[in-house]
Structures are given as structure tokens and as C-alpha cells.
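Reader: I am new to this structure. Please pick out one part and go through it closely, giving the meaning of each term as you use it.

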Amino acid sequence: KYFYKILFTSFISLLSIQLNASNLEFEGLNKLSFEDIDNITSIDLSKSKVTEEEINTIIKELFISDLIQDVTYSEKNNKFIIYLSENKIIKNIFFNGNIRIKDELILSSINSKTSRLLNNDIIINDIEIIRNLYNSIGFDQASIVTSTEYFSDDKINLIYNINEGPQ
């Protein structure tokens, strides 16, 4: 009797997992292919159904990738739709407002480089590097804000707006 109870519970559990499975679609792929996304994730994307747990894993792994800038998803008509925003390539880097430190010194000090992918973590680090450069010459209130402008569909210009503040 106990065995049948466990078997019935297991069957119901497996059935609910299967009922929660859903088709998967990706939107927003421009440079990347479905195969690229499949290589980024540990989940086999070619299977016909994925579970919510697998969706969570896919989203986490896509967020970690340097190729992806943003990930959102929705569920419509028993389909999971993952919307991707691919990272852009940096075409040019500009510095505005820097008087005391030359562009070349800042450019050689930061980690963002032209012809590489835009990466928010690197930009945050770059801002700290620029702030430290200004601190080293007595400008301890320098503020740096970044912005981007689209150069083309897959390329952007990265702009560091610097307010040196008082020395």
C-alpha cells in the first residue's frame, strides 16, 4: 500500500513537471544565432519542451555571457519567449570635459577598447580608474558619467563625460 502511494505521488509529480514544460522561442537575435545561444547555455535548447527551472538556468547563463546585454522573458500561449539584447561593439571612445588629463593617458589606462564588446562591468571599473587618475593629481571630487550613441545597428560610440571638480 505504501509503495503504491509513493508511485502515485511520483507519477503526479512527473505529470506536473511535464505540464509545466513549454516551447521556447528567442527574439532579438541579430548577430548571434540560435546555435550561439545553445552553446552559451548548459540546457539543450533543441528539445521540444523546457521547464520553468530550465528557463531560469538559461536566463542566468545568458546574463553571465559578455555577448548579451539584457535578457527578459514572458510566457504566452504556453510558450516561453526570451527577449535578448545583444552587446554592441565599441566603434569609438570619446572623453568630454577632461582638461587636466589628456585623452591618450585615459584611453591607455582604461579597459574598454575600440572593436571590443561593450561591457557594463568594465565600464564601472573604467570609471573608478579615471577617478583614481584624477585623485592622483589632487582632484578628489571628479565625477564621471558614461553615455553611448549608436554608430550603426551593432556598433556604438562610448562617451565618458568628466567633471573634474575643484583641485
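Author: What follows is an account of one sheet, the helix across it, and the core and loop residues around them.

The model is a predicted one, in which local features need pLDDT of at least 70 and side-chain atom pairs count only at pLDDT 80 or more, while totals for chains, interfaces and linings use all residues. Residues are numbered from 1 along each chain as its sequence is written, and side-chain values use heavy atoms, with hydrogens and water left out.

The sheet comes first. Helices (H or I, at least four residues) and strands (E, at least two) are DSSP runs, numbered from the N terminus. Two strands count as paired if DSSP finds at least two bridges between them. On these terms there is an open sheet of 3 strands, in the order S4-S6-S5, and its pairing is mixed. S4 and strand S5 (143-150) are the edge strands, each pairing on one side only. From one strand to the next, the twist averages 20 degrees; for such angles, axes are lines fitted to C-alpha atoms, for helices over the stretch in contact, and the angles run from 0 to 180 degrees between N-to-C directions.

Strands of a sheet pair through backbone hydrogen bonds, either parallel or antiparallel. Between S5 and S6 the sense is antiparallel, over 8 bridges. In this part of the structure, Ile144 has Ile162 of S6 opposite it.

Helix H5 lies across S4, S5 and S6, and runs at about 30 degrees to S6. Contact here means heavy atoms within 4.5 Å.

The next point is the packing. A nonpolar core is a set of buried Ala, Val, Leu, Ile, Met, Phe, Trp, Tyr and Cys residues joined through side-chain atoms within 4.5 Å. Buried means under 20% relative accessible area and exposed means over 50%, with partly exposed in between (1.4 Å probe, protein chains only). The largest nonpolar core has 20 residues, of which Phe95, Ile106, Ile110, Ile130, Leu158 and Tyr160 touch the most other members. Strand S4 (89-96), helix H5 (120-136) and strand S6 (155-163) each supply at least two of its residues. H5 gives the largest share, 6 residues.

Leu158 shows what one core member touches. Setting aside neighbours within four places in sequence, Leu158 is in contact with Ile90, Asn92, Ile93, Phe94, Ser112, Leu118, Ile123, Thr146, Ser147 and Thr148. Apart from this core lies another, of 16 residues, including Phe26, Ile55, Ile58 and Phe80.

One of the contacts of Leu158 is Ser112. Ser112 is in the loop between H4 and H5, and it counts as buried because its relative accessible area is 4%. Residues up to four places away in sequence aside, Ser112 touches Ile90, Ile93, Ile122, Ile123, Asp126, Leu158 and Tyr160. Two of these neighbours also meet the side chain of Ser112 in polar contacts. A polar contact is a pair of N or O atoms within 3.5 Å; within protein, one must be able to donate a hydrogen and the other to accept it, and residues adjacent in sequence count only if both atoms are side-chain atoms. The side chains of Ser112 and Asp126 are joined at 2.5 Å, and those of Ser112 and Tyr160 at 3.4 Å.

Ser115 belongs to the loop between helix H4 (103-109) and H5 as well. Although Ser115 is not a glycine, its phi is positive, about 70 degrees. Ser115 counts as exposed because its relative accessibility is 63%, whereas Ser112 is buried.

H5 also carries a charged pair. Side chains of opposite charge can pair when their charged atoms come close. A salt bridge is a side-chain nitrogen of Lys or Arg within 4 Å of a carboxyl oxygen of Asp or Glu, and by this rule the count is 3. One of them joins Arg131 and Glu128, whose closest N and O atoms are 3.2 Å apart. Arg131 and Glu128 are about one helical turn apart because they are separated by 3 residues in helix H5. Arg131 counts as partly exposed, at 26% relative accessibility, and so does Glu128, at 36%.
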